[in-house]
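Reader: I am in my first year and would like to learn how to read one part of a protein model slowly and carefully. Could you take a single helix and then show me what surrounds it?

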Amino acid sequence: MNMVFIYRALTKNRLVLSGKNLVTGLGRVKICGGKLWRLGNSHYSRRKIMRGKQVSGRVLLVLCVASFLAGSLFCTSRMTWTTQLHSPNKEADHQFPIISSRIKKLEASSSVAQDKDCDLKRKLVEGKFEDDITAEMTKTHQAIQSLDKTISTLEMEIAAARASQRLEGQLKLDDGASNNDPTTHPKQKAFVFIGINTAFSSQKRRKTVRETWMPRGEKLKKLEKEKGIVIRFVIGQSAMPGGMLDRAIEAEEAEHNDFLRLNHVEGYHELSTKTRLYFSTAISIWDAEFYVKVDDDIHVNLGMLATTLARHRSKPRIYIGCMKSGPVLFQKGVKYHEPEYWKFGEEGNKYFRHATGQIYAISKDLATYISNNLPILHRYANEDVSLGSWFIGLEVEHIDDRSMCCGTSPDCKRRAQAGNVCVASFDWKCSGICNSAERMKDVHNLCGEENGAVWNVEL
(Lines give C-alpha, C1' and ligand atoms only; values in the text may rest on other atoms or scores of the structure.)
Protein backbone atom coordinates (compact mmCIF):
# COMPACT_ATOMS: atom_id res chain seq x y z
CA MET A 1 0.00 0.00 0.00
CA ASN A 2 1.49 3.32 -1.10
CA MET A 3 1.94 5.99 1.52
CA VAL A 4 1.61 9.65 0.87
CA PHE A 5 4.04 12.07 2.57
CA ILE A 6 3.47 15.75 2.69
CA TYR A 7 6.18 18.17 3.66
CA ARG A 8 6.81 21.84 3.22
CA ALA A 9 9.54 22.69 0.74
CA LEU A 10 12.03 24.87 2.48
CA THR A 11 13.52 26.45 -0.64
CA LYS A 12 10.29 27.34 -2.36
CA ASN A 13 8.12 27.54 0.85
CA ARG A 14 5.46 25.34 -0.67
CA LEU A 15 4.12 21.78 -0.39
CA VAL A 16 5.31 19.22 -2.86
CA LEU A 17 3.73 15.77 -3.37
CA SER A 18 5.49 12.79 -4.76
CA GLY A 19 4.02 9.30 -4.89
CA LYS A 20 6.80 7.61 -2.86
CA ASN A 21 9.10 10.64 -3.24
CA LEU A 22 10.22 12.88 -0.41
CA VAL A 23 11.42 16.24 -1.62
CA THR A 24 13.18 18.78 0.58
CA GLY A 25 15.07 21.93 -0.11
CA LEU A 26 18.34 20.85 1.42
CA GLY A 27 18.62 17.30 0.34
CA ARG A 28 16.18 15.24 -1.66
CA VAL A 29 15.67 11.54 -1.15
CA LYS A 30 13.74 9.35 -3.55
CA ILE A 31 12.02 6.33 -2.11
CA CYS A 32 11.58 3.80 -4.84
CA GLY A 33 11.13 0.04 -4.38
CA GLY A 34 12.46 0.30 -0.84
CA LYS A 35 15.78 1.94 -2.08
CA LEU A 36 17.05 5.44 -1.29
CA TRP A 37 18.43 7.68 -4.05
CA ARG A 38 20.27 10.78 -2.95
CA LEU A 39 19.74 13.85 -5.09
CA GLY A 40 21.75 16.98 -5.52
CA ASN A 41 21.04 20.23 -3.82
CA SER A 42 19.96 22.12 -6.94
CA HIS A 43 19.72 19.81 -9.99
CA TYR A 44 18.53 16.35 -10.77
CA SER A 45 21.70 15.02 -12.31
CA ARG A 46 22.79 11.87 -13.99
CA ARG A 47 19.98 9.85 -12.39
CA LYS A 48 16.44 9.22 -13.41
CA ILE A 49 14.03 11.03 -11.25
CA MET A 50 10.37 11.86 -11.22
CA ARG A 51 9.61 15.47 -10.69
CA GLY A 52 6.97 16.07 -8.00
CA LYS A 53 3.77 17.93 -8.79
CA GLN A 54 2.37 20.88 -6.99
CA VAL A 55 -0.75 20.07 -4.79
CA SER A 56 -3.74 22.38 -4.94
CA GLY A 57 -5.61 23.64 -1.85
CA ARG A 58 -8.75 21.67 -2.68
CA VAL A 59 -6.91 18.39 -2.80
CA LEU A 60 -5.22 19.24 0.46
CA LEU A 61 -8.60 19.91 2.07
CA VAL A 62 -9.98 16.59 0.85
CA LEU A 63 -6.93 14.82 2.16
CA CYS A 64 -7.32 16.39 5.60
CA VAL A 65 -10.98 15.40 5.78
CA ALA A 66 -10.12 11.85 4.76
CA SER A 67 -7.45 11.67 7.45
CA PHE A 68 -9.94 12.90 10.06
CA LEU A 69 -12.49 10.27 9.07
CA ALA A 70 -9.85 7.54 9.12
CA GLY A 71 -8.82 8.55 12.64
CA SER A 72 -12.42 8.60 13.85
CA LEU A 73 -13.00 5.13 12.43
CA PHE A 74 -9.89 3.80 14.21
CA CYS A 75 -10.97 5.22 17.59
CA THR A 76 -14.51 3.80 17.20
CA SER A 77 -13.17 0.33 16.48
CA ARG A 78 -11.04 0.46 19.66
CA MET A 79 -14.03 1.48 21.79
CA THR A 80 -16.08 -1.36 20.33
CA TRP A 81 -13.34 -3.86 21.16
CA THR A 82 -13.07 -2.58 24.72
CA THR A 83 -16.85 -2.73 25.19
CA GLN A 84 -16.87 -6.30 24.04
CA LEU A 85 -14.34 -7.17 26.71
CA HIS A 86 -16.64 -5.86 29.45
CA SER A 87 -19.84 -7.25 27.93
CA PRO A 88 -21.35 -10.36 29.56
CA ASN A 89 -21.91 -11.68 26.04
CA LYS A 90 -21.08 -15.36 25.66
CA GLU A 91 -19.09 -14.70 22.48
CA ALA A 92 -16.83 -12.18 24.22
CA ASP A 93 -16.38 -14.57 27.15
CA HIS A 94 -15.33 -17.23 24.68
CA GLN A 95 -12.82 -14.99 22.91
CA PHE A 96 -11.24 -13.58 26.13
CA PRO A 97 -11.95 -16.09 28.94
CA ILE A 98 -9.18 -14.96 31.32
CA ILE A 99 -9.91 -11.25 30.93
CA SER A 100 -13.65 -11.89 31.16
CA SER A 101 -13.37 -13.91 34.40
CA ARG A 102 -11.12 -11.31 35.96
CA ILE A 103 -13.56 -8.54 35.08
CA LYS A 104 -16.46 -10.54 36.50
CA LYS A 105 -14.62 -11.01 39.84
CA LEU A 106 -13.89 -7.30 40.06
CA GLU A 107 -17.50 -6.47 39.23
CA ALA A 108 -18.76 -8.97 41.85
CA SER A 109 -16.54 -7.59 44.62
CA SER A 110 -17.48 -4.06 43.65
CA SER A 111 -21.17 -5.00 43.72
CA VAL A 112 -20.87 -6.56 47.22
CA ALA A 113 -19.05 -3.50 48.54
CA GLN A 114 -21.70 -1.23 47.04
CA ASP A 115 -24.49 -3.34 48.53
CA LYS A 116 -22.89 -3.17 52.00
CA ASP A 117 -22.39 0.54 51.71
CA CYS A 118 -25.97 1.05 50.57
CA ASP A 119 -27.26 -1.15 53.38
CA LEU A 120 -25.22 0.83 55.91
CA LYS A 121 -26.54 4.12 54.58
CA ARG A 122 -30.09 2.82 54.54
CA LYS A 123 -29.81 1.69 58.18
CA LEU A 124 -28.43 5.05 59.18
CA VAL A 125 -31.24 6.86 57.37
CA GLU A 126 -34.00 4.60 58.63
CA GLY A 127 -32.62 4.45 62.16
CA LYS A 128 -32.12 0.68 62.00
CA PHE A 129 -29.11 0.82 64.28
CA GLU A 130 -31.19 2.40 67.04
CA ASP A 131 -33.92 -0.21 66.48
CA ASP A 132 -31.37 -3.00 66.75
CA ILE A 133 -29.96 -1.57 69.97
CA THR A 134 -33.48 -1.11 71.38
CA ALA A 135 -34.38 -4.68 70.46
CA GLU A 136 -31.28 -6.03 72.20
CA MET A 137 -32.00 -3.94 75.30
CA THR A 138 -35.58 -5.24 75.32
CA LYS A 139 -34.38 -8.82 75.10
CA THR A 140 -31.92 -8.22 77.95
CA HIS A 141 -34.62 -6.60 80.08
CA GLN A 142 -36.98 -9.52 79.43
CA ALA A 143 -34.24 -11.98 80.38
CA ILE A 144 -33.63 -10.11 83.65
CA GLN A 145 -37.35 -10.07 84.40
CA SER A 146 -37.57 -13.79 83.68
CA LEU A 147 -34.64 -14.42 86.02
CA ASP A 148 -36.25 -12.29 88.73
CA LYS A 149 -39.48 -14.24 88.34
CA THR A 150 -37.62 -17.52 88.61
CA ILE A 151 -35.85 -16.38 91.76
CA SER A 152 -39.11 -15.10 93.25
CA THR A 153 -40.82 -18.38 92.39
CA LEU A 154 -38.08 -20.37 94.10
CA GLU A 155 -38.26 -18.13 97.16
CA MET A 156 -42.03 -18.53 97.21
CA GLU A 157 -41.81 -22.31 96.90
CA ILE A 158 -39.24 -22.49 99.69
CA ALA A 159 -41.40 -20.28 101.91
CA ALA A 160 -44.46 -22.35 101.01
CA ALA A 161 -42.63 -25.55 101.90
CA ARG A 162 -41.59 -24.08 105.24
CA ALA A 163 -45.14 -22.90 105.93
CA SER A 164 -46.49 -26.32 104.96
CA GLN A 165 -44.01 -28.06 107.26
CA ARG A 166 -44.89 -25.69 110.07
CA LEU A 167 -48.60 -26.29 109.46
CA GLU A 168 -48.11 -30.06 109.39
CA GLY A 169 -46.09 -29.84 112.59
CA GLN A 170 -48.80 -27.77 114.21
CA LEU A 171 -51.50 -30.22 113.10
CA LYS A 172 -49.49 -33.14 114.48
CA LEU A 173 -49.00 -31.21 117.70
CA ASP A 174 -52.71 -30.51 117.88
CA ASP A 175 -53.50 -34.19 117.27
CA GLY A 176 -51.09 -35.20 119.98
CA ALA A 177 -52.55 -32.63 122.33
CA SER A 178 -56.11 -33.76 121.70
CA ASN A 179 -55.18 -37.36 122.36
CA ASN A 180 -53.05 -36.76 125.42
CA ASP A 181 -53.29 -33.31 126.97
CA PRO A 182 -55.95 -30.93 125.60
CA THR A 183 -54.28 -28.00 127.25
CA THR A 184 -50.90 -28.47 125.50
CA HIS A 185 -50.42 -25.92 122.67
CA PRO A 186 -53.95 -25.89 121.27
CA LYS A 187 -54.79 -23.78 118.22
CA GLN A 188 -55.99 -20.49 119.61
CA LYS A 189 -59.64 -19.65 119.03
CA ALA A 190 -60.52 -16.11 117.96
CA PHE A 191 -63.30 -14.09 116.44
CA VAL A 192 -61.05 -12.10 114.15
CA PHE A 193 -57.34 -11.93 113.51
CA ILE A 194 -56.19 -8.47 112.36
CA GLY A 195 -52.81 -8.36 110.65
CA ILE A 196 -51.27 -4.90 110.25
CA ASN A 197 -48.95 -4.97 107.27
CA THR A 198 -45.74 -3.11 108.15
CA ALA A 199 -42.11 -2.74 107.08
CA PHE A 200 -38.70 -2.29 108.69
CA SER A 201 -38.76 1.45 107.99
CA SER A 202 -42.19 2.00 109.59
CA GLN A 203 -41.26 2.20 113.26
CA LYS A 204 -42.84 5.66 113.67
CA ARG A 205 -46.04 4.47 112.05
CA ARG A 206 -46.25 1.55 114.46
CA LYS A 207 -45.69 3.90 117.36
CA THR A 208 -48.62 6.14 116.38
CA VAL A 209 -50.89 3.14 115.77
CA ARG A 210 -50.17 1.85 119.30
CA GLU A 211 -50.86 5.34 120.67
CA THR A 212 -54.23 5.66 118.91
CA TRP A 213 -56.51 2.79 117.87
CA MET A 214 -54.51 -0.33 118.86
CA PRO A 215 -54.48 -1.44 122.51
CA ARG A 216 -51.12 -2.16 124.13
CA GLY A 217 -49.79 -4.49 126.79
CA GLU A 218 -52.39 -5.93 129.13
CA LYS A 219 -55.25 -4.30 127.23
CA LEU A 220 -54.16 -6.15 124.08
CA LYS A 221 -54.18 -9.46 125.95
CA LYS A 222 -57.55 -8.64 127.51
CA LEU A 223 -59.00 -7.86 124.08
CA GLU A 224 -57.88 -11.26 122.84
CA LYS A 225 -59.26 -13.10 125.84
CA GLU A 226 -62.58 -11.32 126.26
CA LYS A 227 -63.52 -10.37 122.69
CA GLY A 228 -61.48 -12.75 120.59
CA ILE A 229 -59.90 -9.84 118.68
CA VAL A 230 -56.23 -10.53 117.97
CA ILE A 231 -54.03 -7.77 116.53
CA ARG A 232 -50.46 -8.20 115.29
CA PHE A 233 -48.00 -6.30 113.14
CA VAL A 234 -47.06 -8.56 110.24
CA ILE A 235 -43.49 -8.46 108.93
CA GLY A 236 -41.06 -10.83 107.22
CA GLN A 237 -37.29 -11.12 107.32
CA SER A 238 -34.59 -8.81 106.01
CA ALA A 239 -32.36 -9.68 103.07
CA MET A 240 -29.58 -10.32 105.60
CA PRO A 241 -31.04 -12.62 108.29
CA GLY A 242 -29.89 -11.71 111.75
CA GLY A 243 -28.77 -8.28 110.63
CA MET A 244 -29.45 -4.89 112.15
CA LEU A 245 -33.03 -4.67 110.79
CA ASP A 246 -34.03 -8.03 112.22
CA ARG A 247 -32.44 -7.21 115.58
CA ALA A 248 -34.41 -3.96 115.74
CA ILE A 249 -37.70 -5.82 115.19
CA GLU A 250 -36.73 -8.43 117.78
CA ALA A 251 -36.09 -5.66 120.32
CA GLU A 252 -39.44 -4.06 119.52
CA GLU A 253 -41.15 -7.45 119.80
CA ALA A 254 -39.56 -8.04 123.20
CA GLU A 255 -41.04 -4.74 124.39
CA HIS A 256 -44.56 -4.97 122.94
CA ASN A 257 -45.11 -8.64 122.03
CA ASP A 258 -47.34 -7.70 119.09
CA PHE A 259 -45.57 -9.08 115.97
CA LEU A 260 -46.24 -11.96 113.61
CA ARG A 261 -43.03 -12.87 111.78
CA LEU A 262 -43.19 -14.51 108.34
CA ASN A 263 -40.65 -16.64 106.49
CA HIS A 264 -40.54 -14.04 103.77
CA VAL A 265 -37.96 -11.54 102.53
CA GLU A 266 -39.48 -8.07 102.74
CA GLY A 267 -39.88 -6.04 99.53
CA TYR A 268 -42.51 -3.73 98.05
CA HIS A 269 -42.83 -5.83 94.90
CA GLU A 270 -43.37 -8.98 96.96
CA LEU A 271 -46.62 -7.93 98.66
CA SER A 272 -48.65 -10.62 96.87
CA THR A 273 -46.32 -13.30 98.21
CA LYS A 274 -46.43 -11.75 101.66
CA THR A 275 -50.23 -11.71 101.63
CA ARG A 276 -50.41 -15.41 100.81
CA LEU A 277 -47.96 -16.28 103.57
CA TYR A 278 -49.77 -14.03 106.03
CA PHE A 279 -53.08 -15.86 105.67
CA SER A 280 -51.39 -19.26 105.64
CA THR A 281 -49.36 -18.50 108.78
CA ALA A 282 -52.21 -16.84 110.65
CA ILE A 283 -54.61 -19.73 110.12
CA SER A 284 -51.96 -22.21 111.25
CA ILE A 285 -51.78 -20.48 114.65
CA TRP A 286 -55.21 -18.95 115.21
CA ASP A 287 -58.53 -20.55 114.45
CA ALA A 288 -60.49 -17.38 113.72
CA GLU A 289 -63.82 -16.74 112.01
CA PHE A 290 -62.38 -13.80 110.03
CA TYR A 291 -58.95 -12.66 108.94
CA VAL A 292 -58.31 -8.97 108.25
CA LYS A 293 -55.41 -7.33 106.49
CA VAL A 294 -54.84 -3.60 107.06
CA ASP A 295 -51.93 -1.24 106.26
CA ASP A 296 -50.04 0.57 109.02
CA ASP A 297 -51.06 4.02 107.72
CA ILE A 298 -54.82 3.39 108.06
CA HIS A 299 -57.03 4.49 110.96
CA VAL A 300 -59.37 1.75 112.20
CA ASN A 301 -62.29 1.85 114.61
CA LEU A 302 -62.13 -1.61 116.17
CA GLY A 303 -65.68 -1.49 117.55
CA MET A 304 -67.20 -0.73 114.13
CA LEU A 305 -65.01 -3.38 112.45
CA ALA A 306 -66.14 -6.07 114.91
CA THR A 307 -69.78 -5.03 114.55
CA THR A 308 -69.59 -5.15 110.75
CA LEU A 309 -67.99 -8.60 110.69
CA ALA A 310 -70.45 -9.96 113.22
CA ARG A 311 -73.31 -9.27 110.81
CA HIS A 312 -71.81 -11.78 108.35
CA ARG A 313 -70.52 -14.51 110.65
CA SER A 314 -73.18 -16.97 109.56
CA LYS A 315 -71.99 -16.88 105.94
CA PRO A 316 -69.27 -19.39 104.98
CA ARG A 317 -67.30 -17.58 102.24
CA ILE A 318 -67.23 -13.80 102.67
CA TYR A 319 -64.96 -11.24 101.02
CA ILE A 320 -65.52 -7.78 102.53
CA GLY A 321 -64.03 -4.42 101.53
CA CYS A 322 -64.42 -1.40 99.33
CA MET A 323 -64.87 -3.06 95.96
CA LYS A 324 -63.35 -1.31 92.97
CA SER A 325 -62.48 -1.94 89.35
CA GLY A 326 -59.61 0.33 88.38
CA PRO A 327 -57.90 0.57 84.99
CA VAL A 328 -55.20 -1.91 84.04
CA LEU A 329 -52.07 0.24 83.72
CA PHE A 330 -49.99 -1.09 80.83
CA GLN A 331 -47.57 1.86 80.55
CA LYS A 332 -44.13 1.07 81.92
CA GLY A 333 -42.70 3.32 84.59
CA VAL A 334 -46.04 4.34 86.14
CA LYS A 335 -47.07 3.41 89.66
CA TYR A 336 -49.11 0.20 89.87
CA HIS A 337 -47.94 -0.87 86.40
CA GLU A 338 -49.30 -4.30 85.48
CA PRO A 339 -46.75 -6.32 83.43
CA GLU A 340 -49.41 -8.94 82.64
CA TYR A 341 -51.90 -6.40 81.33
CA TRP A 342 -52.52 -8.47 78.20
CA LYS A 343 -54.38 -11.06 80.30
CA PHE A 344 -57.13 -8.53 80.98
CA GLY A 345 -58.09 -7.98 77.34
CA GLU A 346 -57.53 -4.94 75.18
CA GLU A 347 -55.60 -1.90 76.35
CA GLY A 348 -57.78 0.42 78.38
CA ASN A 349 -59.74 -2.39 80.04
CA LYS A 350 -60.40 -2.53 83.77
CA TYR A 351 -59.67 -5.12 86.44
CA PHE A 352 -62.35 -7.45 87.77
CA ARG A 353 -64.02 -6.33 90.99
CA HIS A 354 -61.77 -6.63 94.03
CA ALA A 355 -61.38 -5.01 97.43
CA THR A 356 -59.00 -2.08 97.69
CA GLY A 357 -55.75 -3.09 99.36
CA GLN A 358 -55.78 -0.69 102.33
CA ILE A 359 -58.11 -2.93 104.34
CA TYR A 360 -60.21 -6.03 103.64
CA ALA A 361 -61.50 -9.12 105.44
CA ILE A 362 -62.09 -12.72 104.41
CA SER A 363 -63.82 -15.55 106.21
CA LYS A 364 -62.13 -18.66 107.58
CA ASP A 365 -62.99 -20.86 104.57
CA LEU A 366 -61.26 -18.49 102.16
CA ALA A 367 -58.17 -18.24 104.36
CA THR A 368 -58.06 -22.04 104.46
CA TYR A 369 -58.36 -22.16 100.67
CA ILE A 370 -55.36 -19.80 100.32
CA SER A 371 -53.31 -21.85 102.76
CA ASN A 372 -54.08 -25.15 101.03
CA ASN A 373 -53.35 -23.83 97.54
CA LEU A 374 -50.43 -21.57 98.40
CA PRO A 375 -47.94 -22.82 95.76
CA ILE A 376 -50.31 -22.51 92.79
CA LEU A 377 -51.92 -19.13 93.48
CA HIS A 378 -50.79 -16.68 90.83
CA ARG A 379 -49.33 -13.33 91.84
CA TYR A 380 -50.03 -10.17 89.89
CA ALA A 381 -48.08 -6.95 90.36
CA ASN A 382 -50.66 -5.54 92.79
CA GLU A 383 -51.49 -7.40 95.96
CA ASP A 384 -55.19 -6.49 96.06
CA VAL A 385 -55.64 -7.64 92.44
CA SER A 386 -53.92 -10.94 93.29
CA LEU A 387 -56.26 -11.57 96.22
CA GLY A 388 -59.33 -10.85 94.08
CA SER A 389 -58.08 -13.19 91.37
CA TRP A 390 -57.73 -16.09 93.81
CA PHE A 391 -61.48 -16.02 94.46
CA ILE A 392 -62.61 -15.92 90.82
CA GLY A 393 -64.43 -19.13 90.02
CA LEU A 394 -65.28 -19.81 93.66
CA GLU A 395 -68.65 -19.46 95.35
CA VAL A 396 -67.65 -16.28 97.17
CA GLU A 397 -69.91 -13.45 98.26
CA HIS A 398 -68.36 -10.05 97.57
CA ILE A 399 -69.58 -7.43 100.04
CA ASP A 400 -68.94 -3.80 99.11
CA ASP A 401 -68.82 -1.85 102.37
CA ARG A 402 -68.01 1.82 101.78
CA SER A 403 -67.56 2.48 105.50
CA MET A 404 -64.22 0.70 105.16
CA CYS A 405 -62.80 3.42 102.91
CA CYS A 406 -63.88 6.76 104.35
CA GLY A 407 -61.78 9.82 103.74
CA THR A 408 -60.10 11.66 106.58
CA SER A 409 -61.56 14.86 107.99
CA PRO A 410 -63.99 16.36 107.10
CA ASP A 411 -65.48 13.18 105.55
CA CYS A 412 -65.03 10.87 108.53
CA LYS A 413 -65.87 13.66 111.00
CA ARG A 414 -69.16 14.42 109.25
CA ARG A 415 -70.09 10.73 109.23
CA ALA A 416 -69.23 10.37 112.91
CA GLN A 417 -71.39 13.38 113.83
CA ALA A 418 -74.26 11.82 111.87
CA GLY A 419 -73.94 8.59 113.83
CA ASN A 420 -72.35 6.59 110.96
CA VAL A 421 -68.90 5.99 112.34
CA CYS A 422 -66.50 4.68 109.71
CA VAL A 423 -64.73 1.35 109.99
CA ALA A 424 -61.54 2.78 108.42
CA SER A 425 -60.33 6.15 107.18
CA PHE A 426 -57.47 7.21 104.88
CA ASP A 427 -56.58 9.62 102.08
CA TRP A 428 -57.15 8.17 98.63
CA LYS A 429 -54.49 10.36 97.04
CA CYS A 430 -51.84 8.80 99.30
CA SER A 431 -53.35 5.27 99.42
CA GLY A 432 -53.27 5.79 103.19
CA ILE A 433 -53.20 8.70 105.61
CA CYS A 434 -50.80 11.23 104.16
CA ASN A 435 -47.84 11.67 106.52
CA SER A 436 -49.52 9.26 108.92
CA ALA A 437 -46.73 9.33 111.52
CA GLU A 438 -47.64 12.96 112.27
CA ARG A 439 -51.36 13.00 111.40
CA MET A 440 -52.65 9.73 112.83
CA LYS A 441 -53.45 11.30 116.22
CA ASP A 442 -55.42 14.14 114.61
CA VAL A 443 -57.40 11.70 112.48
CA HIS A 444 -58.09 9.57 115.55
CA ASN A 445 -59.38 12.59 117.49
CA LEU A 446 -61.66 13.67 114.64
CA CYS A 447 -62.80 10.32 113.25
CA GLY A 448 -62.37 7.88 116.15
CA GLU A 449 -65.25 6.14 117.87
CA GLU A 450 -66.06 6.63 121.54
CA ASN A 451 -63.57 5.37 124.06
CA GLY A 452 -64.34 1.80 125.04
CA ALA A 453 -66.61 1.20 122.03
CA VAL A 454 -64.95 -2.10 121.22
CA TRP A 455 -65.57 -3.38 124.75
CA ASN A 456 -69.30 -2.82 124.34
CA VAL A 457 -69.63 -4.90 121.18
CA GLU A 458 -71.71 -8.06 121.74
CA LEU A 459 -70.15 -10.99 119.87
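At 1.5 Å a residue, what should the 13 residues of helix α7 (residues 244-256) span, and how far apart are its end C-alpha atoms?

Author: The model is a predicted one, in which local features need pLDDT of at least 70 and side-chain atom pairs count only at pLDDT 80 or more, while totals for chains, interfaces and linings use all residues. Residues are numbered from 1 along each chain as its sequence is written, and side-chain values use heavy atoms, with hydrogens and water left out.

The 13 residues of α7 should span 18 Å at 1.5 Å a residue (the expected span being 1.5 Å times one less than the number of residues), and because its end C-alpha atoms are 19 Å apart, the two values agree. The name α7 comes from a numbering that starts at the N terminus, with helices (H or I, at least four residues) and strands (E, at least two) taken as DSSP runs; the protein has 13 helices and 15 strands.

Around this helix, Asp-246, Ile-249 and Glu-252 are buried, where buried means under 20% relative accessible area, exposed over 50% and partly exposed in between, with a 1.4 Å probe and protein chains only. These buried residues cover an arc of only 125° around the axis, so they lie on the same side of α7 (the arc is that of the directions from the helix axis to the C-beta atoms). An α-helix has 3.6 residues a turn, so residues three or four places apart point the same way. The other side of α7 carries the exposed residues Met-244, Ala-254 and Glu-255, and just after the helix Asn-257 adopts a positive phi of about 55°.

The buried residues of α7 pack against α5 (203-211), β8 (229-237) and β9 (259-265), a contact being heavy atoms within 4.5 Å. Two of these partners, β8 and β9, belong to an open sheet of seven strands with mixed pairing, in the order β9-β8-β7-β10-β13-β12-β14, where two strands pair if DSSP finds at least two bridges between them. At the edges stand β9 and β14 (397-400), each with a single partner strand, so one side of each is left without a neighbour in the sheet. From one strand to the next the twist averages 25°, and α5 packs on the sheet, where α5 touches β7 (188-197), β8 and β9 and its direction makes about 175° with that of β8. Such angles run from 0 to 180 degrees between N-to-C directions, with axes fitted to C-alpha atoms, for helices over the stretch in contact. Helix α6 (residues 218-227) lies across β7 and β8 and runs at about 125° to β8.

Further along the sheet, β10 and β13 run antiparallel and are joined by five bridges, with Ile-359 of β13 as the bridge partner of Val-294. The pairing of β12 with β13 is also antiparallel, over five bridges, and here Met-323 has Ala-355 of β13 as its bridge partner. Since 10 of the 10 residues of β13 are buried, this strand is largely enclosed by the rest of the structure. By contrast in direction, β12 (residues 318-324) and β14 run parallel and are joined by four bridges, one partnership being that of Gly-321 with Asp-400 in β14.

To follow β8 inward, take Ile-229, which lies in that strand and counts as buried because its relative accessibility is 2%. Leaving aside neighbours within four places in sequence, the contacts of Ile-229 include Ile-194, Leu-223 and Val-454, and its C-alpha atom is separated by 6.1 Å from that of Phe-193, 36 residues apart along the chain.

Ile-194 is also one of the residues, with Trp-213, Ile-231 and Leu-309, that touch the most other members of the largest nonpolar core, which has 45 residues; such a core is a set of buried Ala, Val, Leu, Ile, Met, Phe, Trp, Tyr and Cys residues joined through side-chain atoms within 4.5 Å. Among the elements that each supply at least two residues of this core are β7, α6, β8 and β13 (354-363). Apart from it lies another core, of 28 residues, among them Val-234, Phe-279, Ile-283 and Ile-362.
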